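Work through the exercises below with the sequence and the structure in view. Each task is followed by a solution in steps.

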Amino acid sequence: MESWLFLAIILVVAFLGKNQSLVIASLVVLALKLIPNTQKLLTTIQAKGINWGVTVISVAILVPIATGQIGFKDLLNAFKSPVGFVAVACGVLVAILSSKGVGLLSQSPEITVALVFGTIMGVVLFKGIAAGPVIASGITFVIIQVMQSLSLIK
């Protein structure tokens, strides 16, 4: 019963915050819970959903290449400006942080609850996008490493 209430609260908060993505996600999960014997499906979505989402995002990013809106000339031009170098560096950094974050989530699954709550707050209160839990876990990993090296935590 607690999960229904929690999901309903998220749905209401998402609706009040006018966040369509989170409303849809909440409704899909609630609908899946209505179907009998979906525990295995929900477990599969939990385990593979981030990879599926990254794949969908990657497809969306590659579409401008497929349509000819972005070509080799644009790629070369990206390296001719400071903004282009910063964008490439940030892309590398996010990929590294994400890989560390996935590792942290597998080692400390209890962190997932805090990351999900933080992501929901960011989405609803600050009009963010819910693409951040993996990156947030990577940033968490880096902060934990720094705090451990400074002996602030064990």
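**Exercise 1. Helix H3**

Task: In this predicted model, compare the reach of helix H3 (residues 39-66) with its expected span, and find where H3 bends.

Solution.
- Step 1: H3 has 28 residues. The expected span is 1.5 Å times one less than the number of residues, and for H3 this comes to 40 Å.
- Step 2: From its first C-alpha to its last, H3 reaches 38 Å, which is close to the expected value.
- Step 3: H3 has a bend of about 55 degrees, located at Lys48.
- Step 4: Just after H3 comes Gly68, whose phi is positive, at about 85 degrees.

**Exercise 2. Gly71**

Task: Place Gly71 in the chain, and decide whether Gly71 is buried, partly exposed or exposed.

Solution.
- Step 1: Gly71 sits in the loop that lies between H3 and helix H4 (72-78).
- Step 2: The relative accessibility of Gly71 is 35%. Buried requires under 20% and exposed requires over 50%, so Gly71 counts as partly exposed.
- Step 3: Gly71 and Gln20 are 51 residues apart along the chain, and their C-alpha atoms are separated by 32 Å.

**Exercise 3. Annotated spans**

Task: Which residues does the UniProt annotation "transmembrane region" cover, and what does the model show for residues 49-72 and 84-105?

Solution.
- Step 1: According to the unreviewed UniProt entry, the annotation covers residues 49-72, 84-105 and 111-144.
- Step 2: Residues 49-72 are 79% helix and 0% strand, with end C-alpha atoms 32 Å apart.
- Step 3: Residues 84-105 are 100% helix and 0% strand, and their end C-alpha atoms lie 31 Å apart.

**Exercise 4. The largest nonpolar core**

Task: List the residues of the largest nonpolar core and state which helix gives the largest share.

Solution.
- Step 1: The core has seven residues: Ile10, Ala14, Leu22, Val23, Ile120, Val123 and Val124.
- Step 2: Two or more of these residues come from each of helix H1 (2-16), H2 and helix H6 (111-126).
- Step 3: H6 gives three residues, the largest share.
- Step 4: Take Ala14 as one member of the core. Apart from neighbours within four places in sequence, Ala14 contacts Asn19, Leu22, Val23 and Val124.

**Exercise 5. Ser26 and Lys127**

Task: For Ser26 and then for Lys127, give the location, the exposure and the contacts.

Solution.
- Step 1: Ser26 belongs to helix H2 (residues 20-34). Ser26 is buried because its relative accessibility is 3%, and the cut-off is under 20%.
- Step 2: Not counting residues up to four places away in sequence, Ser26 touches Leu7, Ile10 and Leu11.
- Step 3: Lys127 lies in the loop between H6 and helix H7 (133-149). With a relative accessible area of 59%, Lys127 is exposed.
- Step 4: Apart from neighbours within four places in sequence, Lys127 contacts Gly17, Lys18 and Gly122.
- Step 5: Lys127 and Gly17 are 110 residues apart in sequence, yet 7.9 Å apart in space from C-alpha to C-alpha.

**Exercise 6. An aromatic pair**

Task: How many aromatic pairs are counted, and why is the pair of Phe79 and Phe85 classed as stacked, tilted or edge-to-face?

Solution.
- Step 1: The count is one aromatic pair.
- Step 2: The ring centres of Phe79 and Phe85 are 6.0 Å apart, and the ring planes are at 70 degrees.
- Step 3: Planes over 60 degrees apart count as edge-to-face, so the pair of Phe79 and Phe85 is edge-to-face.
- Step 4: Phe79 is partly exposed at 37% relative accessibility, and Phe85 is partly exposed at 48%.

Note on methods:
Residues are numbered from 1 along each chain as its sequence is written. This is a predicted model: local features need pLDDT of at least 70, side-chain atom pairs count only at pLDDT 80 or more; totals for chains, interfaces and linings use all residues. Side-chain values use heavy atoms; hydrogens and water are left out. Helices (H or I, at least four residues) and strands (E, at least two) are DSSP runs, numbered from the N terminus. Buried means under 20% relative accessible area, exposed over 50%, partly exposed in between (1.4 Å probe, protein chains only). Contact means heavy atoms within 4.5 Å. Rings of Phe, Tyr and Trp (its six-membered ring) pair if their centres lie within 6.5 Å; planes under 30 degrees apart count as stacked, over 60 as edge-to-face and the rest as tilted. UniProt positions are given in the numbering used here, feature names are shortened, and annotations may be inferred rather than shown by experiment. A nonpolar core is a set of buried Ala, Val, Leu, Ile, Met, Phe, Trp, Tyr and Cys residues joined through side-chain atoms within 4.5 Å. The bend at a residue is the angle between axes fitted to the seven residues ending there and the seven starting there.
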